[in-house]
Amino acid sequence: VGFRQATAEQTGLADQSVDLVTCFQSFHWFEPDATLEEFQRILKPSGRIALVWNTRDLSGDVFTQAYGEVIDQVSNQHPSLNRAEAYPESSPSFEEFRFASEQALDLPGLVGYSKSRSYVPTEGEMLDRLLQSLEALYYCYADDQGWVYMKYQTKVFIAGA
């Protein structure tokens, strides 16, 4: 196995050659019907598809909620912030699993995490505002070890071939 330049819709893999197809935070970028058709073509009869998303969990965690408000403000409420997990409603039938998870971040980690998002500003006044807001959030919510904790709901959708 090695790197192969292809698309989800046309992988170039052999028929029934794959045990598992996974998409982490990416299925929404693909054309769903063509992608599922390709996945079913390349999966072995016992194969599985797993679609996975980590969504910030805004239920009850003050830091994660406050972080979300900062991002909403500096990104002008970019549409991808409200994008639901994009998984097909039709065949194959997906089984859903949910798990709570968290990510511990120090200040450089929080800044790096934020700047890695496609919807945050990369320069100018809005970036300055973001960095100031992140620093304020960090110093407000950091624990004694210097960590803040981003809470997630990890959602896993699994279907057979």
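The following paragraphs describe the confidence, helix packing, strand pairing, backbone and salt bridges of a predicted model.

The structure is a predicted model, in which local features need pLDDT of at least 70 and side-chain atom pairs count only at pLDDT 80 or more, while totals for chains, interfaces and linings use all residues. Residues are numbered from 1 along each chain as its sequence is written, and side-chain values use heavy atoms, with hydrogens and water left out. The predictor's confidence in each residue, pLDDT, runs from 0 to 100. Its mean over the protein is 88, and 89% of the residues reach 70 or more. Confidence is lowest in α2, at a mean of 92, and highest in α3, at 96. Helices (H or I, at least four residues) and strands (E, at least two) are DSSP runs, numbered from the N terminus.

A convenient place to begin is helix α4. This helix takes in residues 124-141, 18 residues in total, and reaches 26 Å from its first C-alpha to its last, close to the 26 Å expected at 1.5 Å a residue; the expected span is 1.5 Å times one less than the number of residues. Its buried residues are L127, L130, L134, L137 and Y138. They cover an arc of only 100° around the axis, which puts them on the same side of α4, where the arc is that of the directions from the helix axis to the C-beta atoms. On the other side of α4, E125, Q132, Y139 and C140 are exposed. Here buried means under 20% relative accessible area, exposed over 50%, and partly exposed in between (1.4 Å probe, protein chains only). The buried residues of α4 pack against α2 (62-74), β3 (95-105), α3 (107-115) and β4 (148-160), with contact taken as heavy atoms within 4.5 Å.

Strand β4 also takes part in strand pairing, for which DSSP must find at least two bridges between two strands. With β2 (residues 43-56), β4 pairs in the antiparallel sense over nine bridges, and R48 stands opposite G160 in β4. The pairing of β3 and β4 is antiparallel as well, over eleven bridges; in this case F99 stands opposite T154 in β4.

Two residues deserve a brief note for their backbone. Q16, in the segment before β1 (18-24), has a positive phi of about 45° although it is not a glycine. Q25, in the loop between β1 and α1 (32-42), has a positive phi of about 55° and is not a glycine either. Q25 is partly exposed, with a relative accessible area of 37%.

Turning to charged side chains, a salt bridge is a side-chain nitrogen of Lys or Arg within 4 Å of a carboxyl oxygen of Asp or Glu, and by this rule the count comes to five. In one of them, the side chains of D15 and R41 meet at 2.5 Å, N to O. D15 lies in the segment before β1 and R41 in helix α1, so the pair ties together parts that are 26 residues apart in sequence. D15 is exposed, at 52% relative accessible area, whereas R41 is partly exposed, at 29%. A further salt bridge joins D19 and K44 (3.4 Å, N to O), linking strand β1 to strand β2 across 25 residues. Between E102 and K151 the N to O distance is 2.5 Å, and this pair links strands β3 and β4, 49 residues apart. Both partners are partly exposed, E102 at 45% and K151 at 27%. Finally, salt bridges that share partners join D15, E38 and R41 into one network.
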